[in-house]
Amino acid sequence: MKIHTARRAFAVAAISAVSFAFLADAAPASAAEEVNIYSYREPQLIKPLLDAFTEETGIQTNAVYIEKGLVARMEAEGENSPADVILTVDIGRLDEAEQAGVTQSIDDETINSNIPAEFRDPDGNWFALTTRGRVVYASRERVEQDSITYEELADPKWKGKICIRSGQHSYNIGLFASMVAHLGEEKAEEWLAGVRDNLARKPNGNDRAQAKGIYSGECDIGIGNTYYVGRMMTNEKEPEQQDWAKAIKVLFPNNDDRGTHVNVSGMAMAKNAPNRESALKLMQFLSSEEAQQVYAEQVYEYPVKPGVAPSDLVASWGEIKPDSLSLSEIAEKRKVASELVDKVGFDNGPAS
Ligand code: FE
């Protein structure tokens, strides 16, 4: 009998110990929640957003910045990939991730109500967080006109005056894909060859380098994304960029007809997300009004959540009328656009 009681007591103690261990494990588990982010976006851009998320939810974020080969890395990691979400720019990259099968479909009420359907993949594999216009940077000193069209960039009056980054960069491929969609392949090729012959130099550098080229007098017209103008204007670390930005004015091409080409930044849930629930919370947060305001005020992009305004600085350039061409159509025409860039030798600069 004695033995039995002792055994019983031991058993109870053991059970308690187990439950305590479980509780001890379970309680801080919420504090140890985390989300692993594979990001094509520069860390400094997303940090304010991730900090705000952690403050609000207590969920830690681990962002890995990947400049190239994000999808290939996830394919190689397969089921063991630690990635929960992908944060990236450009419809091309979102589409690439979906096509490669490294994303999963989500259908969430909060996200669906924050993000309009046109900015969500119909299959739920990604959604957009912001938009950006691919605009004309025009010299304040040397360009008088205050409106322009993409078509006009092929007009010989701009000969030797246009600067642009590589035609194969995804930002330009998105724009050229929209031209293929609007003009048809043949006309788009003619247009692209015309732009090539108006180049002041071989395509090089990033978007900011084109503003710098205008500042230095090398070119009168540059092609670049809207948010870089805001980031140059407010750049405390490299104040010379403020001079580049001051040398240009922003023209929204085709604002009087079909509208300006816009692309997106966005996110996707990784196929094998190990922290799916926390990842979903991050997705909901980034689509929220609070986060959309940070995108507007600190990144100088256009929020996609209706009712959230762009920053005053961005608004001061005028209102953008986004081309209503669907993102899926742009994605579809990217391959042709890329082939045309090679075919006309765009990156070799002017042929005549
Ligand atoms: Fe960019």
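**Exercise 1. The two domains**

How many Å separate the centres of domain 1 and domain 2, taken over C-alpha atoms? Work it out, then describe how the two domains meet.

*Solution.* Keep in mind that this is a predicted model.

Step 1. Start with the bounds: the assignment gives domain 1 as 6–130 + 264–308, and domain 2 as 131–261 + 318–348.

Step 2. Take the centres over C-alpha atoms; they are 32 Å apart.

Step 3. Look at the contacts. Here 20 residues of domain 1 touch 16 residues of domain 2.

Step 4. Turn to area. The size of an interface is often given as the accessible area lost when the parts come together. For this pair of domains, about 1,600 Å² is buried, with 59% of it on carbon and sulfur atoms. On the domain 1 side, Ile-91, Tyr-300 and Tyr-302 supply 40% of the area buried against domain 2, more than any other three residues.

Step 5. Finish with charges: three salt bridges are counted between domain 1 and domain 2.

**Exercise 2. The iron site**

Which residues coordinate the iron ion? Find them, then see where they sit in the chain.

*Solution.*

Step 1. List the donors. Tyr-171, Tyr-227 and Tyr-228 each offer their OH atom to the iron ion, at 1.9 to 2.1 Å.

Step 2. Read their spacing along the chain: the donors follow the pattern Y-x55-Y-Y.

Step 3. Place two of them in helices. Tyr-171 belongs to helix α6 (residues 170–183) and Tyr-228 to helix α9 (residues 226–233), so this pair ties together parts that are 57 residues apart in sequence.

Step 4. Check their exposure, using under 20% relative accessible area as the cut-off for buried. Tyr-171 has 9% and is buried; Tyr-228, at 10%, is buried too.

**Exercise 3. The nonpolar cores**

Where does the largest nonpolar core lie with respect to domain 1 and domain 2? Trace it from its best-connected residues.

*Solution.*

Step 1. Size it up: the largest nonpolar core holds 81 residues, and Ile-221 and Leu-286 have the most contacts inside it.

Step 2. Ask which domains contribute. Both domain 1 and domain 2 give residues to this core, so it lies between them.

Step 3. Zoom in on Leu-286. Leaving aside residues up to four places away in sequence, Leu-286 touches Leu-49, Leu-87, Leu-129, Met-267, Ala-291, Gln-292 and Tyr-295.

Step 4. Look for another core. A second, separate one has 23 residues, including Val-89, Tyr-137, Cys-163 and Val-229.

Conventions: Residues numbered from 1 in each chain as written. Predicted model: local features only at pLDDT ≥ 70, side-chain atom pairs only at ≥ 80, totals over all residues. Heavy atoms only, no water. Donors = N, O, S within 2.8 Å, 3.2 Å for Na, K, Ca; no water. Helix = DSSP H or I, 4+ residues; strand = E, 2+ residues; numbered from the N terminus. Buried < 20%, exposed > 50% of the residue type's maximum accessible area, 1.4 Å probe, protein only. Core = buried A, V, L, I, M, F, W, Y, C linked by side-chain atoms within 4.5 Å. Domains from an automatic or database assignment. Contact = heavy atoms within 4.5 Å. Buried area = accessible area lost by both parts, 1.4 Å probe. Salt bridge = Lys/Arg side-chain N within 4 Å of Asp/Glu carboxyl O.
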